[in-house]
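Please open the model in a viewer with residue selection and contact display enabled. The tour below proceeds from one selection to the next.

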Amino acid sequence: MPPRCTVAPARSADDAWLLGRWELTRSPDGDRKDWLEFAPDGRMTSITSDGRRLGGQYSVAGQEVQLNYKVGNQSILMTLTYGPDKAQLYARSARTGYTAVYEKRP
C-alpha cells in the first residue's frame with residue numbers, strides 16, 4: 001500500500017524561488033519597512049515593522065504574484081510583478097503610480 005500524504009501539496013518547483021522572506025527595500029511613497037513571507041502551501045504573511053501580522057493566500061501566474069488578504073469580511077487583492085531574474089518583487093501603487101521593491105532575505 002502506498003504511503004498516505006498528510007501534508008498539503010507543495011507549490012510547483014517553478015515557484016520555489018518565491019518561498020521565504022522578502023523585505024521592502026525601496027518605497028518612493030515612504031512606506032514603513034515590512035516583510036512578506038511565502039510558504040509552500042500557498043499561504044503568505046505580511047509583517048509590519050511593529051510586528052503585526054496579516055495572513056492571506058498567494059498564487060503565481062505568468063509574471064505576477066497575486067496576494068489575497070482577508071480582513072474581517074473583506075478581501076484585499078494585491079498584485080506583485082517580478083523580472084526575469086526573480087530577484088525582486090515590484091508593488092506598483094494605484095494611488096501614486098510609484099513602484100516599491102521587495103528583495104529576498106535569508
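Select I47 and display its surroundings: setting aside residues up to four places away in sequence, I47 touches R21, D34, W35, E37, R52 and R53, where contact means heavy atoms within 4.5 Å. I47 lies in strand β3; strands (E, at least two residues) and helices (H or I, at least four) are DSSP runs numbered from the N terminus. I47 is buried, with a relative accessible area of 6%. Here buried means under 20% relative accessible area, exposed over 50% and partly exposed in between, computed with a 1.4 Å probe and protein chains only. Add W35 to the selection: the C-alpha atoms of I47 and W35 are 5.1 Å apart, although the two residues are twelve apart along the chain.

Before continuing, note that this is a predicted model, in which local features need pLDDT of at least 70 and side-chain atom pairs count only at pLDDT 80 or more, while totals for chains, interfaces and linings use all residues. Residues are numbered from 1 along each chain as its sequence is written, and side-chain values use heavy atoms, with hydrogens and water left out.

Move next to S46, which is also placed in strand β3, residues 43-48. S46 is buried at a relative accessible area of 11%. Beyond its neighbours within four places in sequence, S46 contacts D34, W35, L36, R52, R53, L54 and Y69.

Now colour by secondary structure. The protein has zero helices and eight strands, giving the pattern β-β-β-β-β-β-β-β along the sequence. Of the 106 residues, 27% count as buried.

**The nonpolar core**

Which residues touch the most other members of the largest nonpolar core? Select L36, F38, V65, L67 and L89, which hold that position among its 17 residues. Such a core is a set of buried Ala, Val, Leu, Ile, Met, Phe, Trp, Tyr and Cys residues joined through side-chain atoms within 4.5 Å. At least two residues of this core come from each of β1 (20-26), β2 (34-38), β5, β6 (74-82), β7 (88-92) and β8 (99-105). Strand β5 supplies the largest share, three residues.

Keep F38 selected and show its contacts. Apart from neighbours within four places in sequence, F38 is in contact with L18, L19, G20, W22, R43, M44, Y58, V65, L67, L80 and L89.

**Salt bridges**

Side chains of opposite charge can pair when their charged atoms come close. The structure holds six salt bridges, each defined as a side-chain nitrogen of Lys or Arg within 4 Å of a carboxyl oxygen of Asp or Glu.

- Select D41 and R43: their closest N and O atoms are 2.6 Å apart. D41 is partly exposed at 29% relative accessible area, and R43 is partly exposed at 49%.
- Select R52 and D50: the closest N and O atoms of this salt bridge are 3.4 Å apart. Both R52 and D50 are exposed.
- Select E103 and R105: their closest N and O atoms are 3.9 Å apart. E103 is partly exposed at 25%, as is R105 at 30%.

Extend the last selection to E23 and K33, since E23, K33, E103 and R105 are linked in a network of salt bridges.

**The surface and a loop**

Switch to a surface representation and select L54, V71 and I76, a nonpolar surface patch with about 200 Å² of accessible area together. Patches consist of residues with over 30% relative accessible area and no salt bridge, with like charges joined within 9 Å and nonpolar side chains (Val, Leu, Ile, Met, Phe, Trp, Tyr) within 5 Å. Accessible areas come from the Shrake-Rupley method with a 1.4 Å probe, and for residues only the protein chains shown count as cover. V71 belongs to strand β5, residues 64-71, and is partly exposed at 36%.

Then select K86, in the loop between β6 and β7. Most residues other than glycine have a negative phi. K86, although not a glycine, has a positive phi of about 55°.

**Confidence**

Finally, colour by pLDDT, the predictor's confidence in each residue, from 0 to 100. The average is 88, and 88% of the residues score at least 70. Over residues 1-11 the pLDDT is below 50, and this stretch has eight contacts in the model beyond near neighbours in sequence. Where pLDDT is low, the predicted coordinates should not be read in detail.
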